[in-house]
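Welcome! Please look through the structure below, then work through three short exercises, each followed by its solution.

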Amino acid sequence: MYIPKYYKVKNVDEIWGFVQRNSFGTIVTTEQGKPIATHLPMGLNKKGDDYYITGHMAYGNPQWKTFETCEDVLVMFQGSNAYISSSWYGHEEVPTWNYQAVHVYGNASILEKDELIEELTIMLEKYEENRENPVLWDKLSPHLLESELKGIVGFKIKVGEIQAADKLSQNRNETDYINIIEKLQNEGNPNSKQMAELMEKRLKNHI
């Protein structure tokens, strides 16, 4: 991913926090030179000094069969994004787009059954945590679970390279930056509001 120096994120804790908050990502591999992708919720695990992206996909999805032959698997996570009009600057300029994104490269392998159950247990606990009637692994019938396990394939990706970008108008002067936040807040759509909140938080952290 091309990342100008203004927008590159290097703090590992910040990057992994972003991944955990934006865990619905895209996993990309190649088959006979053709890129193929699947959109999935994924988890983040650490074992020793190594980080792993974990998840599962349908057994009928042929992408999992490419894990053995694909040297580098790419996983992409995307956060907030918003159009930035150049009319919000104090000088003539072209429009742009603000966004957050993380690319992770690594080697993928298939999870054993016990590893898959652990991954599914953690995922259910994460997403069912604040539900009134949480659906947790140990509350589901063994017959249903065994049946469902046959229809999915779990995977883990040992993280090798990380690329992270926060394009939040860092290259603009303070006056333009504050004006962009105000304009985004008044746009009336969720994406613009989220971007305004991110930019405002960054501004407060750098005062």
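Strands (E, at least two residues) and helices (H or I, at least four residues) are DSSP runs, numbered from the N terminus. Two strands pair if DSSP finds at least two bridges between them. This is a predicted model, in which local features need pLDDT of at least 70, side-chain atom pairs count only at pLDDT 80 or more, and totals for chains, interfaces and linings use all residues. Residues are numbered from 1 along each chain as its sequence is written, and side-chain values use heavy atoms, with hydrogens and water left out.

**Exercise 1.** Find the order of the strands in the open sheet, and its edge strands.

Step 1: the order is β2-β1-β5-β6-β7-β4-β3, seven strands with antiparallel pairing.
Step 2: β2 (34-41) and β3 (43-47) are the edges, as each pairs on one side only.

**Exercise 2.** Follow the pairings of β1 and β5, and find a bridge partner in each.

Step 1: β1 (residues 24-31) runs antiparallel to β2, joined by eight bridges; here T30 stands opposite P35.
Step 2: the hairpin of these strands, β1 and β2, has two residues between them, and Q32 takes a positive phi near 55 degrees.
Step 3: β1 also joins β5 through three antiparallel bridges, with V28 partnered by L74.
Step 4: β5 (residues 73-84) pairs with β6 (residues 96-110) over 10 bridges, antiparallel; F77 has V102 as its partner.

**Exercise 3.** Which strands does helix α1 lie across?

Solution: helix α1 (residues 12-21) lies across β3, β4, β5, β6 and β7 (contact means heavy atoms within 4.5 Å).

Note on methods
Axes fitted to C-alpha atoms, helices over the stretch in contact; angles between N-to-C directions.
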